[in-house]
Amino acid sequence: VQKAIHRIQPVENLEKVVTLSRAVGFTSIGFDLIYGLPYQTIDTITNAFQQVIKLRPDRIAFYSYAHVPWVKPGQRGYEDANLPNDVAKRELYETGRAILKQEGYHDIGMDHFALSTDALYQASVDGKLHRNFMGYTTSQTELLIGLGASAISDAKYAFAQNVKKVEDYESAVFQNKLAIVKGHIQTEEDLIIKQCILDIACRGEINATKLSTVQRENLLKELKEMEQEEILVITESGLKVTDLGKTFIRNICHAFDVRQNRSNSNNKIFSKSI
């Protein structure tokens with residue numbers, strides 16, 4: 001698996017960096033793990049988790065692999081046939097999720113798990129969890145500056161992404177230019193939808209007042225279908241994600257995205273929920 005994705009990472013290297021990080025005072029160590037990789041099987045992912053659990057990271061992000069060879073040419077080194085199909089990919093996720101829960105990690109939503117001793121879990125319990133472009137965080141700010149190639153900045157009313165090639169980024173910086181390649185200015189509607197999505201992703205619910213501000217026929221239809229599938233419930237108080245629905249938070253958030261043209265088959269999707 002590591003050879004196929006060009007990321008050879010011996011366990012000994014992880015052990016060394018985790019030990020050193022704790023020795024110098026880091027109180028929270030996070031791992032990013034990916035399921036759905038080429039040649040990945042139940043056995044290989046179980047073995048990977050057994051190695052991870054020994055190191056006991058405080059939080060774990062368990063992401064779905066996004067196959068986008070038109071963006072990342074390195075992914076052309078293997079065929080679609082080498083990737084697990086949708087059913088097998090879901091089994092990989094459920095295998096990893098079951099191991100994490102068994103080992104005391106809490107599912108705080110949208111790919112993220114944390115030990116009860118970690119600040120991220122406590123923030124989820126206290127309703128103070130926040131999410132930015134990098135994932136969940138315990139801190140919230142209206143100004144987030146992304147440094148480095150491909151980093152994304154958020155200024156509440158707009159966001160922008162830096163150029164993706166390191167050489168182009170360095171060239172722009174050394175010429176005292178903005179190294180921005182694209183961005184978006186938020187409309188009032190965008191800001192309302194953004195807050196709804198954050199409420200779902202971070203707290204698993206939206207109150208009735210906020211939900212009423214985004215009432216659209218197609219949205220209500222999707223939410224009703226999700227309610228029938230028991231991944232959320234809608235009451236007079238608002239919308240609440242069920243325990244089953246935690247796995248599908250990204251799908252629920254996606255229903256609110258009015259900018260996603262689902263009817264356009266040429267619109268390439270960068271990632272899937274599962």
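**View 1. Ser150 in the loop between strand 6 and strand 7.** Ser150 is partly exposed, with a relative accessible area of 33%, where buried means under 20% relative accessible area, exposed means over 50%, and partly exposed lies in between (1.4 Å probe, protein chains only). Phi of Ser150 is near 70°, a positive value in a residue other than glycine, and most residues other than glycine have a negative phi. The loop that holds Ser150 runs between strand 6 (135-137) and strand 7; helices (H or I, at least four residues) and strands (E, at least two) are DSSP runs, numbered from the N terminus. This is a predicted model, in which local features need pLDDT of at least 70 and side-chain atom pairs count only at pLDDT 80 or more, while totals for chains, interfaces and linings use all residues. Residues are numbered from 1 along each chain as its sequence is written, and side-chain values use heavy atoms, with hydrogens and water left out.

**View 2. Ser153 and its surroundings in strand 7.** The side chain of Ser153 reaches the backbone nitrogen of Gly146 at 2.8 Å, a polar contact being a pair of N or O atoms within 3.5 Å, of which, within protein, one must be able to donate a hydrogen and the other to accept it, and residues adjacent in sequence count only if both atoms are side-chain atoms. Leaving aside residues up to four places away in sequence, Ser153 touches Phe133, Leu144, Ile145, Gly146, Ala158, Phe159 and Ala160, where contact means heavy atoms within 4.5 Å.

**View 3. The open sheet of strands 7, 8 and 9.** Three strands are arranged in the order 7-8-9 with antiparallel pairing; two strands pair if DSSP finds at least two bridges between them. Strand 7 (152-154) and strand 9 (180-185) are the edge strands, each pairing on one side only, and the twist averages 15° from one strand to the next, angles running from 0 to 180 degrees between N-to-C directions, with axes as lines fitted to C-alpha atoms, for helices over the stretch in contact. Strand 8 (residues 158-162) and strand 9 are joined in the antiparallel sense by five bridges, and Gln161 has Lys182 of strand 9 as its bridge partner.

**View 4. Strand 1 and its crossover to strand 2.** The covered face of strand 1 (residues 30-35) carries Phe31, Leu33 and Tyr35, whereas Gly30, Asp32 and Ile34 belong to the uncovered face. In a regular strand the side chains alternate between the two faces of the sheet. Strand 1 and strand 2 (residues 59-64) run parallel and are joined by six bridges, with Tyr35 standing opposite Ser64 in strand 2. From strand 1 the chain passes through helix 2 (residues 42-55) to strand 2 in a right-handed β-α-β crossover, that is, with the strands pointing away from the viewer, the path from the first strand over the helix to the second runs clockwise.

**View 5. The open sheet of strands 1, 2, 4 and 3, with helix 2 packed on it.** Four strands lie in the order 1-2-4-3 with mixed pairing; strand 1 and strand 3 are the edge strands, each pairing on one side only, and the twist averages 25° from one strand to the next. Helix 2 touches strand 1, strand 2 and strand 3, and its direction makes about 175° with that of strand 1. Strand 3 and strand 4 pair in the antiparallel sense over four bridges, and Gly109 stands opposite His112 in strand 4. In the loop between these two strands lies Asp111, which has a positive phi of about 80° although it is not a glycine and which, at 9% relative accessibility, counts as buried.

**View 6. Helix 3 from its cap to the residue beyond it.** Asn85 caps the N-terminal end of helix 3, where a side-chain oxygen lies 3.2 Å from the backbone nitrogen of Val87. The 17 residues of helix 3 (residues 86-102) should span 24 Å at 1.5 Å a residue, and the end C-alpha atoms are 24 Å apart, which agrees; the expected span is 1.5 Å times one less than the number of residues. Among the buried residues of helix 3 are Leu92, Tyr93, Ile99 and Leu100, and the elements covering its buried residues include strand 1, helix 2, strand 2, strand 3 (105-109) and strand 4 (112-115). Just after helix 3, Gly104 takes a positive phi of about 95°.
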